[in-house]
Amino acid sequence: MAKKEYSFYPGCSSQKLASGSNYQTAVDSMCDVLDIQLNSIPDWNCCAASIGYAEGGELPRLALSARNLALSEQANPGQDVVATCAACWLATRETKERLHQNDGLMKETNEALSAAGLNVKADQNVRHMVEVLVEDIGYEEMGKHVTKPLDGIKIAGYVGCQTNRPFGIDGESFENPKYLDKLVETMGAEPVDNYDKKVSCCGGALAFSEPEKSQALIKDIIEAAYDGGADMIVTPCPVCQMNVEIYQDQINSKYKTKFKIPVVYYSTLMSVAYGKSAKEAGLDGLVIKAKQLNDIASK
Amino acid sequence: MSANTAAVERYRNSFLKEVEANVEEGDWVKMCMQCGVCSGSCPFGPHWDHPPQELFMMIRAGKREEVLTSSSMWMCTSCYNCIARCPRELPITHIMHGLANYAHRLGIAPKNQPTRKFAKMFWDNLAKKGRVNELKLGVSLYFMNGFVSGIKTALAALPIGIGMYKTKRLNPMEYFGGHGVKDTSGLHAILKKAREIEDAKMKKF
């Protein structure tokens, strides 16, 4: 297949020594195998995620994402914008759509951007990395590169919220999307059937401000994975990954549970199945180690 | 305006008009048909004093004070369940953000609401250098209720921080700098201009 190029929006958590840096490591390894070239948007900024709204009004938030789109149009014209972070994808795509729905907002946003000599048309598609995989590459092609199938591992596909709602992936249902299960299967592992918490919320940013309420949600997400016989959980979202992984000790002491389940990214699974080393797959970035993946990677 | 429209106009309550004029996606509020699917779909549903469909009816009933001082819309986790399920296609998540932002901007949102505080910290953090400084965000979060409670919270979170540090997902040196955009002055100019335009659009009620 010919090399595919995208205008890449990496996002804050992907940066060196940031909370999702291991996600980026695995994405780079996965893209290397699939011959995907990610051209970073120069000088990209934060999208304000879904929590900047208290101080940042509608227009300042739109302006943030519009700045990224404007820089992308200059540097990578004609390429689709691709994000690996759910919130980055959502905020950027929402901005594109709202600017096109509302001429007034388009005009005002451009007025704001002109303060830095920029202008936006918002004419590039804004997509999530899993859309690139599912729609542009396809399961069959993804399967062809598997050299170390993830035999004997059972995985709960935790899709979460924003890599699903409100835009959806590949036209799948909001209530029971299948793309993550299909990806797991394509890598030779076994997806948990009927994982009932697959699209439940982990609390998102409110895991910080409302820890108790959020951890109650996270507990249910992990419990359902164990109920389904899962060895590990896979997710496409850096916030889901962090929330479901790092609070397991706190949840254990509060709820007298004994959770210790690894939470990995789809790109982690793919990198290992594609024969990359543990380091290249970002396995060293997991707080709860995925021993089965380490074993396969070191084979 | 026809005589008929003018007559009707007198009976419309002004808070609904205020929300339509000043709140993000506020012109959708009148479309709510009170089915309650949003409230039943919300992961934090039990924690809302007034779930979304109730807030919509309260807006139509002119309960300005009760709505804007409520902690309810600060319970939104941005999961988008309500948007995906609303039969009338109201962008409920955005309306909740809009109501929260409006109450915050008017200075009448509940003062110690933790998500209000965190959301402001998050914005201030990212707006400074254009990218989130995760370490500073964490530190200011732990200390948002004062020094003593901050030490307690920080100590409780210490094992998590150490785990993140050991796996190279947290950088203590970020406290003294950290990631940012190159064109900070351009970014600040954009945000300042956007805020000015938005403030000028705000209607008085």
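Trainee: Which residues lie nearest the centre of the largest cavity, and what makes a residue part of its lining?

Mentor: In this predicted model, the residues nearest the centre are A:Cys47, A:Ala49, A:Arg61, A:Ala91 and A:Glu94, which belong to a lining of 20 residues. A lining residue has an atom within 4 Å of a cavity point, so these five count as lining.

Trainee: Why is this space of about 210 Å³ called a cavity?

Mentor: The name cavity applies where a 1.4 Å probe fits but cannot get out, and therefore the space of about 210 Å³ is one that encloses the probe. The search of the whole structure finds 5 cavities of 30 Å³ or more.

Trainee: Which helices supply at least two residues each to the lining of the largest cavity?

Mentor: Helix 2 (58-75) and helix 3 (86-101) of chain A do, together with helix 7 (92-106) of chain B, and helix 3 of chain A gives the most, with 6 residues.

Trainee: How do you know how many residues of that lining are charged?

Mentor: Asp, Glu, Lys and Arg count as charged, so A:Arg61 and A:Glu94 are among the 5 charged residues, beside 9 nonpolar and 6 polar ones.

Trainee: What makes the residues closest to the centre of the second largest cavity nonpolar or charged?

Mentor: The second largest cavity holds about 110 Å³, and of its 16 lining residues the closest to the centre are B:Cys42, B:Trp48, B:Cys76, B:Cys79 and B:Cys82. Cys and Trp count as nonpolar, so these five belong to the nonpolar group; the lining as a whole divides into 11 nonpolar, 5 polar and no charged residues.

How values were computed:
Residues numbered from 1 in each chain as written. Chains lettered and ligands numbered in written order. Predicted model: local features only at pLDDT ≥ 70, side-chain atom pairs only at ≥ 80, totals over all residues. Heavy atoms only, no water. 1 Å grid on protein atoms, 1.4 Å probe; cavity = no way out; pocket = protein on both sides within 12 Å on 5 of 7 lines; lining within 4 Å. Points joined across faces, edges and corners; volume = space filled by probe spheres on them. Helix = DSSP H or I, 4+ residues; strand = E, 2+ residues; numbered from the N terminus.
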